[in-house]
Each structure stands twice: as structure tokens, then as C-alpha cells.
Amino acid sequence: MTTAPTRVLVRIAAVEARLFLREPAAVFFAVVLPVALLLTLGATIPGFRDADPSLGGQRFVDAPFTSMMVLLSVVTLGLSALPAVLVTYRERGVLRRLSTTPVRPGALLSAQLLINVGVAVVATTLTLGLGHLFLGVPPPRSPLAFAGVFVLGSTTMLAIGLLLAAVAPNSKVVQGAGAALMFPLLFLAGMWLPRPLMPELLRRISDFTPTGAFGQALTDALGGGGPQAVHLAVLAGWALAAGLAAARLFRWQ
């Protein structure tokens, strides 16, 4: 039997999910774009489908590129979609008005987190499923490791998004700050320059960024090797630091 707070959370989540689906840009960049990039580039760039000895005989599309598309979806949600919605709600007084009703603002925050995690799961499932169907991308060789990395990495990126929403004064600032933060972090993850091709110093810096650790851990889990302890520790550290800071600094009005 569900409790009253649970029923309220479900109802709010349902409303917020409908609002999310009415935003074509959010759906496109978080779900459609990563899948389209995987299928288009994976099918048109021959080198992506050639066995690479440096990857243990795997193809580039099998683990490194697919993991980048999963990462792209989660980062888009964490640094763009989530903080933009929360800051807009604060600007419009939605959170303040909720504080005067039995529905606490925290319920809206929880609903937003659930929706973004749900969208990330859908995007990742489509990426892996369609990649396997059309490009022969194998499913994760370490499913439990992949699931654990995905949950930890998603938690980290959403915690950073909450911190961004906590400190941004308005929606224009949060959108600009999110974009300014997203592109360097995607670069450090290996989105445009694969990590194996990075200079040693840049790769070591990447190891200690949330996206660098997340991307490499996803690649390791997809490729069959277990994620490295240092990358898991980095993700956990970022999640804890960003989460605590967001909780301390977040303003409801």
C-alpha cells in the first residue's frame, strides 16, 4: 500500500514528465542526438568498425564511442535540462508557492531527479539496443559493473547540476554556465580527442574530472574489464562534494 507522500511524488513526477516531453530541445539533445550520432557516425566512418589492436581487437564503436554517447546524454541532462528547469521554477515563484501548500518543494526536486534518471535510462537503453541491432555493438560484457558505473556517474552529474542550479541567479546565467561547463568536460572525457591519444598530462587531468572518470569507467565496463578504483573514487568524491554544496546553497525562492 502506497503512502500519501509517495502518491504525491508519483503525481508530480507524472506532470513533470509530460512537461519534459513538451520540450523538443530537451528530448532531442538528451535522447535523439546521442542515438543519431552513434548510428550515423558508426555506419559512415569505416575506421569506427575496424578491429583495433590497441583496444584488444575491439572496434572503436564497440566501447569507446558508445560510452561517449551514453555520457553525452547524462551530461546534457545534468548540466542543462535539470538546472534550467529548477532555476526557471525558482524565478517564476513555483517553489515559493509550493512551500505554502502541503506539497513540499522537495517533492518537486525529487520528481525532477527521478525524471532525469528515467530519461537517462531510456536514452542509454536505446543507444545500446539500436547500436547492437544496426552496428553489432555487443551488450555490456560486465552488466553489473556497467549498471553500477551508470548509477554512480548519473548521480555525480545530477549533483553537479543541482549545485549549478543552487548558485545560478537566473535562467539565462544557468544556461550559459551549463554550456560553458559542458564542452570542456566533454573534451576531457574524450568526446573529440580519445583519451588514449591524449598527452599523458592531459590524460591524468582527465582521470580526476567527473566526465573523464565517468567516460573511462563506462568504456571499461562495456569492454569487459572492471572499472578502475581511482575512477570510481573520483566519481564518488565529486558526487559527495557537489551534493553537499548544493544542499547547503540551494535557495527555494
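The legends below describe an overall view and several close-up views of a predicted model.

**Figure 1. Overall fold of the predicted protein, with ten helices and zero strands.** From the N terminus on, the elements run α-α-α-α-α-α-α-α-α-α. The radius of gyration is 19 Å, close to the 18 Å that the globule rule gives for 253 residues, so the protein is as compact as a globular protein of that length. Along the principal axes, the C-alpha atoms fill a box of roughly 60 × 40 × 35 Å. Of the contacts with a separation of 6 or more, 74% are between residues 24 or more positions apart.

**Figure 2. Surface and charge of the protein.** The accessible surface comes to about 12200 Å². Carbon and sulfur atoms account for 70% of this surface. Buried residues make up 46% of the 253 residues. There are 18 positive and 9 negative side chains. The centre of the positive set and the centre of the negative set lie 17 Å apart.

**Figure 3. Helix 5, residues 105-135, and the glycine that follows.** Helix 5 has 31 residues. From its first C-alpha to its last, helix 5 reaches 44 Å, close to the 45 Å expected at 1.5 Å a residue. Gly136 follows helix 5 and has a positive phi, near 70°.

**Figure 4. Ser154 in helix 6, residues 143-167.** Ser154 has a relative accessibility of 4% and therefore counts as buried, the cut-off being under 20%. Not counting residues up to four places away in sequence, Ser154 touches Val74 and Phe214. Phe208 lies 54 residues from Ser154 along the chain, and the C-alpha atoms of Ser154 and Phe208 are separated by 16 Å.

**Figure 5. Val151, a residue of helix 6.** The relative accessible area of Val151 is 51%, so Val151 is exposed, for which the cut-off is over 50%. Ser154, also in helix 6, is buried at 4% relative accessibility. Val151 and Gln216 are 65 residues apart in sequence. Their C-alpha atoms are 14 Å apart in space.

**Figure 6. Helix 9, residues 210-223, and its C-terminal end.** Helix 9 has 14 residues, which should span 20 Å at 1.5 Å a residue. The end C-alpha atoms of helix 9 are 20 Å apart, in agreement with that value. Helix 9 is mostly covered, with 14 of its 14 residues buried. Just after helix 9 comes Gly224, which takes a positive phi of about 105°.

**Figure 7. Met182 in helix 7, residues 171-189, and its contacts.** Met182 has a relative accessibility of 10% and so counts as buried, the cut-off being under 20%. Leaving aside neighbours within four places in sequence, Met182 is in contact with Val75, Thr76, Leu79 and Ser80. One of these residues, Val75, is 107 residues from Met182 in sequence. In space, the C-alpha atoms of Met182 and Val75 are 7.2 Å apart.

Conventions
Residues are numbered from 1 along each chain as its sequence is written. This is a predicted model: local features need pLDDT of at least 70, side-chain atom pairs count only at pLDDT 80 or more; totals for chains, interfaces and linings use all residues. Side-chain values use heavy atoms; hydrogens and water are left out. Helices (H or I, at least four residues) and strands (E, at least two) are DSSP runs, numbered from the N terminus. The radius of gyration is taken over C-alpha atoms; the globule rule is 2.2 Å times the number of residues to the power 0.38. Buried means under 20% relative accessible area, exposed over 50%, partly exposed in between (1.4 Å probe, protein chains only). Contact means heavy atoms within 4.5 Å. Accessible areas come from the Shrake-Rupley method with a 1.4 Å probe; for residues, only the protein chains shown count as cover. Lys and Arg count as positive and Asp and Glu as negative; His and the chain ends are not counted. The place of a charge is taken as NZ of Lys, CZ of Arg, CG of Asp or CD of Glu. The expected span of a helix is 1.5 Å times one less than its number of residues.
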